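Hello,

Here is the structure I promised to send over. Please have it open while you read, and write back with any questions.

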Amino acid sequence: MCTPVKGRGRVRLNVGGRMFETTAATLASAGRDTMLGAMLDAAWNNSDCTVAADEEEYFIDRDPDCFAVLLDLLRTGSLHVPPHVTDRFLCREALYYGLLDAVRAARWGPLDGDRLCLAASVPGTATGDGTAVRAAPDGGLCVAHGGAVRVYNWVLEERRPVNLHHAPVNDAAYLDESTLLLAARDRPGGGGGVAAFSALTGDLTHRYRVSHDRQVRPFTPGALAFDPHRGNIFASCKGRFNEYGIGVWDSTAGEQVGFLYEPPGCALGDADKLQWIDGTGTLMAATMFPRTDSSFISLLDFRDKNGVAWSWSDVGTPASSMEDKHVLHAVAMDDGQSLCVINQYDDLGFLDIRSSGNASGGVRWRSRSKLAAATRKKQKRNAPPQRAHGEEETCYPKLAAHGGQLFASTGDAISVFSGPDYVLTSTLRGSDGAGAICDFSIGGDRLFALHDEVNVVDVWETPPAPVI
Amino acid sequence: MSGGGPPRKRNFKIDVFKHRVELDPKYAERTWKVLEHAIHEIYNHNASGLSFEELYRSAYNMVLHKYGEKLYDGLESTMTWRLKEISRSIEAAQGGLFLEELNTKWMEHNKALQMIRDILMYMDRTYVPQSRRTPVHELGLNLWRDHIIHSAMIHSRLLDTLLDLIHRERMGEMINRGLMRSITKMLMDLGAAVYQDDFETPFLEVSASFYSGESQEFIECCDCGDYLKKSERRLNEEMERVSHYLDAATEAKITSVVEKEMIANHMHRLVHMENSGLVNMLIDDKYDDLARMYNLFRRVSDGLSSIRDVMTSYLRETGKQLVTDPERLKDPVEFVQRLLNEKDKHDKIINVAFGNDKTFQNALNSSFEYFINLNTRSPEFISLYVDDKLRKGLKGAAEEDVEVILDKVMMLFRYLQEKDVFEKYYKQHLAKRLLSGKTVSDDAERSMIVKLKTECGYQFTSKLEGMFTDMKTSQDTMIDFYAKKSEELGDGPTLDVHILTTGSWPTQPCPPCNLPHEILTICDKFRSYYLGTHNGRRLTWQTNMGTADIKATFGKSQKHELNVSTYQMCVLMLFNSTDGLTYKDIEQYTEIPALDLKRCLQSLACVKGKNVLRKEPMSKDISEDDTFYFNDKFTSKLVKVKIGTVVAQKESEPEKQETRQRVEEDRKPQIEAAIVRIMKSRRVLDHNSIVAEVTKQLQARFLPNPVVIKKRIESLIEREFLERDKADRKLYRYLA
């Protein structure tokens with residue numbers, strides 16, 4: 001060390017016996033809310049002895065190898081992990097310093113459907129088919145398997161599974177990264193309903209009840225949705241005594257704030273998908289084949305007395321149409337102006353929701369050539385004797401919209417559509433031989449695809465930007 | 001201590017390592033003692049001896065070894081104990097020092113809380129969310145709230161102190177605003193509910209009773225202007241108070257308290273206050289007071305409407321007096337000038353004091369519309385006012401000033417319901433101006449026509465414009481006539497003919513009088529010239545409208561040039577051949593209608609200084625037995641003598657009736673046309689709807705009388721334009 005100039009703001013750290021020298025600014029960049037930020041704060045350094053700041057040495061009783069990685073992260077903003085530092089090790093140390101969020105942010109970039117890489121596969125150990133996968137806001141996930149939900153943190157370590165008296169789970173939703181909402185089927189003797197759990201500990205924290213005429217009644221919730229701005233929880237409900245409709249609860253108070261009874265001609269209690277559309281302040285409720293013979297999609301405005309602000313149904317579509325198209329899944333696009341739907345031939349169609357009133361069968365189906373790449377594969381796979389016919393049937397295509405891109409699961413792949421016209425730009429094909437994708441979910445800048453056959457969840461991430 | 005930080009830290013660390021045994025039951029207790037000691041040291045301002053890393057690690061270890069609950073509970077009870085201590089020391093503070101002490105302790109608690117949170121950061125990140133407990137910082141605030149703010153000895157004392165300080169400030173004392181700011185900020189930091197329940201709500205209640213009392217006191221002893229000044233000052237003080245040391249959200253609440261207590265509750269009394277209320281402000285043009293009233297009343301509901309209502313009824317009352325006062329009706333020009341002055345005055349008030357509020361402008365307009373139309377002579381007077389201005393009033397005035405005056409007149413014109421009456425009068429007055437060459441400025445005349453045209457449309461002014469065209473063509477015709485016929489004419493009298501298109505001018509058919517021979521000759525020459533150049537036309541002499549310049553020689557060979565009307569000229573020419581004539585003779589020779597003749601003789605014989613004729617017997621009025629003589633002794637200082645015609649500038653009662661009748665007559669075809677237009681498009685309509693539609697269509701010109709409309713409908717039914725529906729008698733059908 002032959003630097004005669006003692007730089008101002010230099011800090012010497014002794015971490016587990018190894019010396020590190022850095023600047024106060026580098027450590028402060030971690031933020032006041034971290035261990036390093038607090039340690040250097042003036043409140044802890046106004047000691048009486050007037051030793052020059054750069055003479056002082058801070059001792060930290062932690063592992064130096066891992067500290068080196070984290071210091072590098074603070075210096076450069078990027079994460080470089082040597083092979084001998086395991087994820088678990090790194091995370092434990094990062095949690096100690098309060099740098100876990102910084103580590104996660106450096107691990108993967110903002111989700112871009114065209115740059116996704118398969119980062120990991122989480123093997124399933126549960127018996128029975130996975131029914132749904134949900135992404136947590138922080139990059140964790142949960143998988144619903146029959147009567148239980150398996151919960152994983154963002155390092156993909158499994159936490160305690162969650163169950164509601166082991167009643168079959170219809171849907172799950174994250175209210176925030178530590179709160180998981182479950183919708184489980186009602187059974188004689190009780191057990192079903194909607195309940196919130198701690199995603200961290202798996203403890204039941206609150207049950208959301210439905211009252212009709214001030215009497216609490218059992219019900220089977222179908223799909224869940226959450227409006228984070230008003231804190232409202234929505235669930236499609238089938239009451240045991242035929243009270244069909246959409247239940248609304250306040251997530252903080254935990255109390256029921258409304259129940260929209262199904263008006264005649266509208267299928268709401270059966271809805272398999274609910275989605276809160278922020279721009280319009282409405283809730284999309286979609287009831288689709290094969291649960292019912294016809295598909296019914298509506299937008300519900302709870303500020304309006306009437307409730308149903310817009311609706312579409314394929315009942316009464318002209319019989320002359322060449323093919324019998326069933327809408328199997330629907331998603332509201334980010335712009336809040338249209339819905340995308342998909343049928344059993346993997347055709348995409350669009351519905352304009354800006355036009356008020358009832359849209360009479362006005363789906364603009366896209367030419368099938370757009371999906372050709374994805375479909376061809378599927379047909380090829382279907383060509384051999386109908387080996388897995390039974391399982392095949394349960395995997396209906398699913399849709400998701402994120403960041404102006406449209407994602408559609410078809411067979412064992414996910415197609416990504418981009419641009420204003422949603423042209424096919426990428427196809428994601430994950431674990432080999434894992435079977436068709438029965439559900440996928442996007443959240444925390446990750447995409448999780450649940451494969452039907454071997455219960456494996458593929459984790460897709462956008463890698464950090466290249467160095468140059 | 002003298003060894004400095006690092007060595008001590010190392011010693012301690014080694015200590016911990018030695019005894020670090022996973023299942024040692026005393027481990028947790030010992031670690032907690034270290035942390036508890038640290039928390040006390042932090043509160044004792046003795047933190048410099050503490051090692052952050054070591055404390056952080058201790059807390060980390062406790063959480064890691066599942067002693068999170070013990071750590072959290074320990075923190076809660078230690079902090080509670082400290083806060084109870086603090087509470088005692090605050091309670092002990094005497095009088096004025098109470099707030100100071102509270103503030104100091106609050107600052108210290110905040111700092112300590114930050115440091116404690118630093119140490120327990122790991123617990124805050126992991127144990128707290130997992131066990132769903134209150135985060136450390138929030139816990140610290142909650143405990144402060146429960147043990148300090150809500151403690152029995154402090155709670156009411158704090159509130160009373162704050163309210164007392166504010167009261168003292170209202171009474172003019174200086175208080176420590178910085179300290180107030182810190183204390184209210186503390187309440188806000190503890191949560192909106194604390195600030196509202198423990199300070200804001202009582203503050204608003206106390207303020208309401210304060211201002212209720214004060215406003216009562218003010219209203220008893222102040223006049224309206226002073227009261228408003230005081231209210232305004234109070235309002236500003238409260239807003240300033242909020243900006244200095246209260247939450248911004250309080251502003252709306254406290255101002256609404258002041259507004260309610262000081263303004264809304266006394267609104268009626270203020271507006272109607274004897275000798276100083278709104279009406280007096282309006283009369284005395286108190287712009288500042290009016291503006292203040294406007295700005296204060298605007299803040300309360302119904303405030304502006306109460307001002308507006310009083311102003312409107314005041315305007316209507318004074319306006320009604322103005323237009324119905326018989327004294328004022330004597331001079332039409334003065335009458336209109338007063339209206340304009342009144343309008344200017346209130347325009348200025350609305351502009352200066354009421355921020356050009358549209359609703360006030362509307363109230364002003366509707367008031368004027370109301371009272372101007374109370375007097376049926378308003379259209380005539382307005383036209384006379386314009387006549388006066390265009391005759392002489394505008395002489396020498398700059399073009400812009402002319403425009404300003406005309407614009408103001410147009411404003412009054414807009415208020416008129418009977419615009420067609422105005423048109424009638426305007427036509428008459430314009431004709432007189434044009435024919436007598438009295439108009440001052442052609443530009444001003446035309447500008448007025450343009451304004452009427454933009455206001456009422458092409459139809460309204462087409463005849464007026466026709467009059468101007470006639471004047472121009474007449475001029476050209478006369479030049480041409482003299483150019484072509486000058487040698488034929490010799491040196492007889494000069495003739496200047498205005499050729500008036502029938503219909504454009506307000507002419508009444510009148511029997512032509514007998515013109516003197518000399519005039520008749522040249523008239524016939526002109527007639528043959530004119531009919532020679534224009535085919536298929538008819539010329540009728542309007543002898544009642546012409547003028548003549550004649551030369552007369554009196555007694556001592558005094559020569560005068562007399563400017564007289566055509567009738568007067570005819571009479572005077574008779575005296576060329578004789579000295580005396582009886583009334584009957586004159587009437588017989590000239591065939592001038594009796595009424596006109598009497599007037600013209602009156603002006604020739606009875607006006608002092610212009611009596612070129614002598615009447616026997618001498619009297620003011622002309623009777624049919626009178627005899628007239630050429631007045632040889634006529635003298636005048638002037639060479640040119642203008643003999644006016646005795647004619648009222650204002651219309652006489654019968655003339656007024658006549659004009660009114662003509663107007664009514666003119667309205668009939670307009671109403672009929674409107675009915676037919678409406679029925680043609682609607683085919684079937686009931687009576688009331690027709691009346692409503694007709695009124696709507698015609699209101700730009702006049703307000704049709706429903707009775708007249710009914711008569712017109714009946715007339716149209718008679719002429720088979722319409723028929724009554726056979727089933728429903730109320731319905732009319734259009735017959736194509």
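Below is what I found, going from the contact between the chains to the sheets.

A word of caution before the details: this is a predicted model.

**The interface of chain A and chain B**

Let me begin with the contact between the two chains. Chain A brings 25 residues to it and chain B brings 27 residues. Together the chains bury about 2400 Å², and carbon and sulfur atoms account for 59% of that area. On the side of chain A, no other three residues give more of the area buried against chain B than Trp44(A), Asp61(A) and Tyr96(A), which supply 29% of it.

Charged pairs are part of this contact. The rule finds three salt bridges across the interface of chain A and chain B. One of the residues just named returns here: Asp61(A) forms a salt bridge with Arg57(B), with 3.8 Å between the closest N and O atoms. Polar contacts were counted as well, and seven residue pairs are in polar contact between chain A and chain B, both residues being at pLDDT 80 or more.

Which elements of chain A supply at least two residues each to the side that touches chain B? They are helix H2 (35–39), strand E3 (57–60) and helix H4 (87–97) of chain A. H4(A) gives the most to that side, with four residues. Sorted by character, the residues on the side of chain A that touches chain B are twelve nonpolar, six polar and seven charged.

Over all chains, the salt bridge count comes to 82. Among them is the pair of Asp118(B) and Arg32(A), whose side chains meet at 2.7 Å, N to O. Asp118(B) belongs to helix H5 (residues 97–119) of chain B, while Arg32(A) sits in the loop between helix H1 (24–28) and H2 of chain A, so this pair joins two chains.

**A three-stranded sheet in chain A**

Chain A has an open sheet of three strands in the order E5-E6-E7, with antiparallel pairing. Strand E5 (130–135) and strand E7 (148–152) of chain A are at the edges with a single partner strand each, so one side of each has no neighbour in the sheet. Neighbouring strands here are turned by 15° against each other on average, with direction ignored.

Strand by strand, E5(A) pairs with E6(A) in the antiparallel sense over five bridges. In this pairing, Ala132(A) has Ala144(A) of E6(A) as its bridge partner. The hairpin of E5(A) and E6(A) has five residues between the strands, and Gly139(A) takes a positive phi near 100° there.

On the other side, strand E6 (residues 141–145) of chain A is joined to E7(A) by five bridges, and these two strands run antiparallel. Ala144(A) appears again, this time with Val149(A) of E7(A) as its bridge partner. Val143(A) is partnered by Arg150(A) in E7(A). Two residues lie between E6(A) and E7(A) in their hairpin, and Gly146(A) in the turn has a positive phi of about 50°.

**Another hairpin in chain A**

Further along chain A, strand E16 (residues 244–250) and strand E17 (residues 256–261) pair in the antiparallel sense over five bridges. Within the pair, Val248(A) stands opposite Gly258(A) of E17(A). Where does a positive phi occur in the hairpin of E16(A) and E17(A)? Gly254(A) takes one, near 80°, in a hairpin that has five residues between the strands.

**A mixed sheet in chain B, with a helix on it**

Chain B has an open sheet of three strands in the order E1-E2-E6, and its pairing is mixed. Strand E1 (547–554) and strand E6 (640–642) of chain B stand at the edges, so each, with a single partner strand, has one side without a neighbour in the sheet. From one strand to the next, the twist averages 25°.

E1(B) and strand E2 (residues 558–565) of chain B run antiparallel and are joined by eight bridges. One place to look is Lys551(B), whose bridge partner in E2(B) is Glu561(B). Helix H26 (residues 566–574) of chain B packs on this sheet and touches E1 and E2 of chain B. The direction of helix H26 of chain B makes about 135° with that of E2(B).

Enjoy looking through it.

Best wishes

Technical notes. Residues are numbered from 1 along each chain as its sequence is written. Chains are lettered from A and ligands numbered from 1 in the order in which they are written. This is a predicted model: local features need pLDDT of at least 70, side-chain atom pairs count only at pLDDT 80 or more; totals for chains, interfaces and linings use all residues. Side-chain values use heavy atoms; hydrogens and water are left out. Two strands pair if DSSP finds at least two bridges between them. Axes are lines fitted to C-alpha atoms, for helices over the stretch in contact, and angles run from 0 to 180 degrees between N-to-C directions. Contact means heavy atoms within 4.5 Å. Buried area is the accessible area (1.4 Å probe) that two parts lose on being put together, summed over both. A salt bridge is a side-chain nitrogen of Lys or Arg within 4 Å of a carboxyl oxygen of Asp or Glu. A polar contact is a pair of N or O atoms within 3.5 Å; within protein, one must be able to donate a hydrogen and the other to accept it, and residues adjacent in sequence count only if both atoms are side-chain atoms. Ala, Val, Leu, Ile, Met, Phe, Trp, Tyr, Cys and Pro count as nonpolar, Asp, Glu, Lys and Arg as charged, and the others, Gly among them, as polar.
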